[in-house]
Amino acid sequence: MSAGHDPAAPAGRVDAVIVGGGIHGCTLALFLARGGMSVALVERGPLCREASGTNAGTLTMQMTRVALIPYALAGHAMWANARAWLGHDVGTVVCDGLSLAFTQREAEILTYRAGRRCEAGAPIELISPAQARTIEPGLSTHPILAAHCPVDGYASAYQTGRAYRRALLEAGVTLYEGLAASDIEPASGGHAVRLADGRRIVGTRLALCGGVWLEPMLGWLGVHLPIKVLVNQVAVTERMPPVMRTVIGIASGLLSLKQFANGSVVIGGGWQGIGDRERGGEALRPEALVGNVRLACHAIPAMRSGRLVRAWAGLEAETADAMPAVGPVPGVDNAFVCGSVHSGYTSGLYIARLLAERMLGREPALPLFPIDRLLDRGPGTAAAAE
Amino acid sequence: MSADGALPAAPRAVEAAVIGAGPAGASAAVVLAEAGCDVLVIDEAPRPGGRIWCAPPPALDGGRPSAEAAAGDSLRDPLGDRLAASRAALLADTVVWSVGRIEGAPGGAAGGAPGGAAPEDARPRFRIDVLTPEGPVAVVARSLLVAIGTTERVIPFPGWTTPGVVGLAATTQLLKNQGMAPGRRVAVAGAGPLLASVAAGVLETGAEVAAVADIAGPGDWLAALPALAREPRRAARGAARGAGWWMACLRRGVRPAFRTGVVAAEGGDRLEAVVLGPVDRAGAPVAGAPTRRVACDALAVGHGLAPATEITRLMRARHVFDRDLGGWYPRTDHQGRTTVPGLYVAGDAAGVRGAAFATLAGAGTGLAMARDLAAAGAPPPAPAREGPVWRAMSRLTRQRPAMSAAISPQTVVCRCEGVTRAEIDAAVDDGAHDINQLKHFTRCGMGPCQGRICGDVAAELLALRLADGMADIDAARRRVGQWTGRSPLRPVPLDAMIGAFTYDDIPVPDPAPL
């Protein structure tokens, strides 16, 4: 990449420039490049090292919002076949998933939620605790009801950066890693992304895929989209003998639990740590960690014999209505946004692929989630299909 | 939380918490207590003294006291007085698993120049979660001193994970704490003054010393002389102890082999022999040179000490890299203030200079903490001055890039996760250019030790690949960076962490949106 001697000179001119190298930005870049476009991807750090690399990796229908179930089913299939279309392994395991209820109130929540998700196409069925224990022999005697879904599983989030990096280079995407975008300005026939080192990349099309940083990124275009920042704690045990074979959650959605092939158990569920957009996931709340681990051990008692070896907090982006921000940026030609998919690891790949279809001038198979609803009528309104 | 739950209803509140009861931490605690501060010292060991003045368990305490044990007693005694007077309390046998800043606490986030606490605000800044023999305890403190010493560095060689291969510094613990050698016939290898100390200590237990292999040559030791000459009294004390160790070795016919390193450790389930061979000035094995096989059942090997930075990394204090002082350590002013308000570091954790300096620095930092807390009885601190002797001694055990460069492709670097040098090089080929990206690419550093053992070597291997020539190696280390600090600081048994509870004790958050 030759920048010449003039730091203001374009570093390159491409069909599409993507800002943000998580699974949204990487998937979008990959399918645009495979669709014939020249693509540049700008990421201030290494690829997939924020939310996309630090989440618990759960791929489940039982924590997915009802309106996203069709997207999550397609996304789950993409994760399951990653080796085929991405070309590299991200450690995906497909297995049974159980969502548990320990109290009468949770049983009511579970019954209602499982029913709604089932109507939306998720193959979830309510089962008795005894049936649940045949599916998950490690289960405690505490659940009074369970919901079973055979379309569940997990990926190794930490493996995604390396896999995508290889795939993007193979697809001919130009990577600008370790370089923050600092501004976007209009350029003839496109958008110029200014990099921290002063260089500019001009893209006919622009896509912002910056997760919790979408709010400041859209600000460069004069668009104000409030993005709430969740600080999700995740913890992992040392390698243990097998204690479970499914993905376990609870009715409220605040637990995710699974044992990886190497024996370590990853405990998540979105218990909140300390941090923000500027500081990242700065610190854990020890009392929240204890609560999260108690919940895990309440479900799988054999975990008590393990040791916790590492815990961290990663950021998750959420819009005012907790529905995705995916589609064109209103009032700015050829500018797009992709992010804020609630519990979005399962469906995020597919939703980014849909946006790639749209940017390639084709009709996406399912509707996008334009952000007009969040700009015009304020928070709290239902998602509008494109 | 319920009264019988794992977490007490109210954390224990103190003005100053000190993590580590070694020379630095204990000295600071004594000073803080004498200045009238409410201070709590936390240590993993059952008794104060740290690694260097590691006390034998009471049952073994009847033996004759060594110089180290005597020095330890002089530190422990005043600390015991403070305990009796409820001035300085000790939480012994206690593992710290989490340290964090309390949200909304005074002082703002890390960054900028090192600065002290704002004395007018008495709210606690830090929360420390520990596991005591009686169960979990939370401590909150206005001011926190991290005096946790060092982590031993071993540059891997084939067979270094064979049972029977132990750390050089670890062997000193075995010798001091249990009065036992790691084997019946022990090879001693590595760098620095610990070689002679361990060899003499092994002989004292009645075990045999099979060989002593020193990476350094006589020239390296002589190079330290100018520094020693500038502080003759201190140098003389050190030299006398060193000479004593060597005399003990020579009397038994044990001579050091200079410029010699471990080529390999042999044996399956148990160490059977080590292969020793010559190394060049940089510490790299001399290719094609004859080696010798030495039968032994234990190998004590160590290549220096690195400041233990797990807590200061977790707290996001700013760190600096100085190879001569052990590598990365938190940036401090002369009184031990880090870039995080209210957080202090003293002793080897602030750059390896040894126990004598740690004692002085700990006392100075204790005074500074007392003054920053506006304690009425605190006299003005006199900064501890770094003597050239300490730096010269530390330099003998600095990490030598050529040693990491010589690690063979199939040698395991991260022993927790079984990551080899070849896998690390492949990750660099795949674009890994900082230590945390390497962790994601390979799992290097993801195991129970959280990269404490392999971190220095993994970072050096990255830096060797990414440096623009050897002159750039330290700059490359700075670019490669350090592991992100993560809780828990030590593996925590889940059972002990969560205690007895009922479902009602779990503050399950409100349901996520449907």
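In the predicted model, B:Arg259 is placed in the loop between β11 (256-257) and β12 (260-266) of chain B. B:Arg259 is not a glycine, yet its phi is positive, at about 45°. With 19 C-beta neighbours inside 10 Å, B:Arg259 counts as partly exposed, because a residue is buried only if 20 or more other C-beta atoms lie within that distance.

**Backbone features**

Most residues other than glycine have a negative phi, and most peptide bonds are trans. Against that background, several positions merit attention. A:Ser343 is a residue other than glycine with a positive phi, near 45°. A:Ser343 belongs to the loop between β18 (335-339) and α10 (345-359) of chain A. Its surroundings are given by 25 other C-beta atoms within 10 Å, so A:Ser343 is buried. In chain B, B:Arg443 follows α13(B) and has a positive phi, near 75°. A cis peptide bond, with omega about -10°, joins B:Ser487 and B:Pro488. B:Pro488 sits in the loop between α15 and β22 (492-493) of chain B.

| Residue or bond | Backbone angle |
|---|---|
| B:Arg259 | phi about 45° |
| A:Ser343 | phi near 45° |
| B:Arg443 | phi near 75° |
| B:Ser487 to B:Pro488 | omega about -10° |

**Helix α13 of chain B and its surroundings**

Helix α13 of chain B covers residues 435-442, and 7 of its 8 residues are buried, so it is largely enclosed by the rest of the structure. The buried residues are B:Ile435, B:Gln437, B:Leu438, B:Lys439, B:His440, B:Phe441 and B:Thr442. The cover over these residues comes from both chains: it includes α2 (51-54) and α7 (160-170) of chain A, and β21 (419-420), α12, α14 and α15 (473-480) of chain B.

Two of these covering elements, α12(B) and α14(B), also pack against each other. Two packed helices are described by the angle between their axes and the distance between the axes. For helix α12 (residues 421-429) and helix α14 (residues 455-466) of chain B, the angle is about 45° and the axes are 10 Å apart. The two helices are therefore oblique to each other, and α12(B) passes α14(B) in a right-handed crossing. On the side of α12(B), the contact is made by B:Arg421, B:Ile424, B:Asp425 and B:Val428; on the side of α14(B), by B:Ala458, B:Leu461, B:Leu462 and B:Arg465. By class, this contact has 5 nonpolar, no polar and 3 charged residues. An α-helix has 3.6 residues a turn, so residues three or four places apart point the same way.

**Helices α3 and α4 of chain B**

A second helix pair is formed by α3 (residues 168-178) and α4 (residues 194-204) of chain B, whose axes come within 10 Å and cross at roughly 35°. The crossing of α3(B) past α4(B) is left-handed. From α3(B), the residues B:Leu168, B:Ala169, B:Thr171, B:Thr172 and B:Leu175 meet B:Leu194, B:Ser197, B:Val198 and B:Gly201 of α4(B). The contact of α3(B) with α4(B) consists of 5 nonpolar and 4 polar residues, with no charged residues.

Another pair of positions in chain B links separate parts of the sequence. B:Leu250 and B:Ala200 are 50 residues apart along the chain, and their C-alpha atoms are separated by 9.5 Å. B:Leu250 lies in helix α7 (residues 232-251) of chain B. With 11 C-beta neighbours inside 10 Å, B:Leu250 counts as exposed.

**Chain A and its contact with chain B**

Chain A contains 11 helices and 18 strands. A compact globule of 386 residues would have a radius of gyration near 21 Å, and chain A agrees with this at 21 Å. The C-alpha trace of chain A spans about 70 × 40 × 40 Å along its principal axes. Of the 386 residues in chain A, 59% are buried. Among contacts in chain A between residues at least 6 apart in sequence, 71% join residues at least 24 apart.

The contact between the chains takes 48 residues from chain A and 41 residues from chain B. On the chain A side, α5 (104-119), α7, β15 (280-283), α9 (286-299) and β16 (307-318) each supply at least two residues. The most is given by α9(A), with 9 residues. The residues on the side of chain A that touches chain B divide into 22 nonpolar, 11 polar and 15 charged.

Notes
Residues numbered from 1 in each chain as written. Chains lettered and ligands numbered in written order. Predicted model: local features only at pLDDT ≥ 70, side-chain atom pairs only at ≥ 80, totals over all residues. Axes fitted to C-alpha atoms, helices over the stretch in contact; angles between N-to-C directions. Helix = DSSP H or I, 4+ residues; strand = E, 2+ residues; numbered from the N terminus. Left-handed = near helix turned anticlockwise from the far one by under 90°. Contact = placed C-beta atoms within 7 Å. Nonpolar A, V, L, I, M, F, W, Y, C, P; charged D, E, K, R; others polar. Parallel < 35°, antiparallel > 145°, perpendicular 65-115°, else oblique. Buried ≥ 20, exposed ≤ 12 C-beta atoms within 10 Å, placed from the backbone. Rg over C-alpha atoms; globule rule 2.2 N^0.38 Å.
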